[in-house]
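Here are some questions and answers for a reader who is new to this structure. Each answer sets a value against the cut-off that it has to meet.

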Amino acid sequence: MSAASPEPDFPQVVRVTSETANITIVRSAVLAAAKQIGFDESDVSAIALAIDEAVTNVIRHGYEGRAGQPIEVRLDCVQRDGVPALQVTICDCARQVDPTTISGRNLEDIRPGGLGTHIIRTVMDEVEYSMRQPMGMQLRVLKKLNASSVPVSRLPRPAAGQPSQGGTQTPCAKESS
Amino acid sequence: MTEESGTVKEVRHRGSATVVALAGEVDLHHTPEVHKVLVAACQEQPRKIVINLEAVRYLDSSGIGTLVEVFRRVNAYGGKLVLCGLNDRVLSVFEITKLDKFFKICGTEAEALSA
């Protein structure tokens with residue numbers, strides 16, 4: 001990693017308020033984190049889009065457009081199925097909804113709105129909504145690094161006695177949810 | 001020709017068509033500006049509206065939603081809506097939402113004007 005692009009530490013926590021102009025702050029942090037983990041350009045864009053949609057949903061539906069409300073985005077690099085993964089947890093203090101009722105709409109029904117949840121579920125490998133106590137919602141999403149695009153430097157270190165594939169051990173935390 | 005600021009780069013007339021060129025990031029923050037300009041274009045009821053996305057770096061579902069609404073408005077008065085200049089990143093959003101088959105999408109503005 002060059003001095004021009006310092007390696008972000010994980011976890012990173014981005015705290016913004018619910019002004020729509022702040023979406024770009026979250027997007028920039030997600031782009032940097034995804035690149036750092038080693039996702040290719042296509043996945044980096046898709047992940048940023050999914051998180052953008054999640055924050056948009058918080059602002060538009062959770063807070064119903066009210067500005068000045070808190071949103072926290074935590075970015076973690078974790079191990080999942082033996083490969084690094086980006087885990088993003090979005091917390092708010094917005095109105096609560098039953099997580100089982102949150103689903104993408106039928107895409108055959110062409111109309112404005114309702115596409116965000118579909119995009120999140122299409123792009124991310126794990127999507128988990130939950131209610132926070134005493135208030136607000138939490139969305140945890142995770143995207144695994146495609147094995148074919150894992151940079152050598154991020155491959156898990158082989159066990160003792162096995163041939164090394166070179167590089168250093170991944171900076172990611174051990175497997176967790 | 002009308003020069004706009006921010007996400008709406010330009011609105012111009014080409015024969016019976018109106019071309020709206022967008023730029024930058026079409027997200028929840030910028031969608032209201034885009035919506036306002038496109039609705040105004042619809043009210044003139046040109047035979048065709050071409051939305052040039054060549055300079056758009058980023059587009060999310062709120063941007064897509066606006067385009068769907070504009071499509072409905074144009075369709076309602078019997079006009080035609082054509083999109084052009086989508087880069088791979090923007091096109092992928094249409095593909096994820098399965099709207100790449102719903103919209104008429106051309107590679108260039110010239111193709112869109114003659115479509």
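Q: Where is Q133(A) in chain A?
A: In this predicted model, Q133(A) sits in the loop that joins β4 (126–131) to β5 of chain A.

Q: Why is Q133(A) called exposed?
A: A residue is exposed if 12 or fewer other C-beta atoms lie within 10 Å of its own. Q133(A) has 8 C-beta neighbours inside 10 Å, so Q133(A) counts as exposed.

Q: What separates Q133(A) from V55(A) in space and along the chain?
A: Their C-alpha atoms are 19 Å apart, and the two residues are 78 residues apart along the chain.

Q: What makes α2(A) mostly covered?
A: To be buried, a residue needs 20 or more other C-beta atoms within 10 Å of its own. In α2(A), 18 of the 22 residues are buried. Over chain A, with its 177 residues, buried residues make up 36%.

Q: How do you know that the span of helix α2 of chain A is close to the expected one?
A: The expected span is 1.5 Å times one less than the number of residues. Helix α2 of chain A covers residues 41–62, which is 22 residues, and the expected value is 32 Å. From first C-alpha to last, the helix reaches 30 Å, close to that value. After α2(A) comes E64(A), with a positive phi near 50°.

Q: Which pattern do the elements of chain A follow?
A: Chain A has 3 helices and 5 strands, in the order β-α-α-β-β-α-β-β along the sequence.

Q: What is the confidence in chain A?
A: The mean pLDDT of chain A is 82, and 77% of its residues reach 70 or more. Among the elements of the chain, helix α3 (residues 116–123) has the lowest mean, 93, and strand β5 (residues 137–144) the highest, 98.

Q: Where does pLDDT stay under 50 in chain A?
A: One such stretch is residues 1–5, with 2 contacts beyond four places in sequence. Residues 150–171 of chain A are also below 50, and this stretch has 24 contacts beyond near neighbours in sequence.

Q: How many residues of chain B are in contact with chain A?
A: Two residues are in contact if their C-beta atoms lie within 7 Å. By this test 19 residues of chain B are in contact with 22 residues of chain A. On the side of chain B that touches chain A, α2(B) gives the most, with 7 residues. The residues of this side divide into 6 nonpolar, 7 polar and 6 charged.

Technical notes. Residues are numbered from 1 along each chain as its sequence is written. Chains are lettered from A and ligands numbered from 1 in the order in which they are written. This is a predicted model: local features need pLDDT of at least 70, side-chain atom pairs count only at pLDDT 80 or more; totals for chains, interfaces and linings use all residues. Helices (H or I, at least four residues) and strands (E, at least two) are DSSP runs, numbered from the N terminus. Ala, Val, Leu, Ile, Met, Phe, Trp, Tyr, Cys and Pro count as nonpolar, Asp, Glu, Lys and Arg as charged, and the others, Gly among them, as polar. pLDDT is the predictor's confidence in each residue, from 0 to 100.
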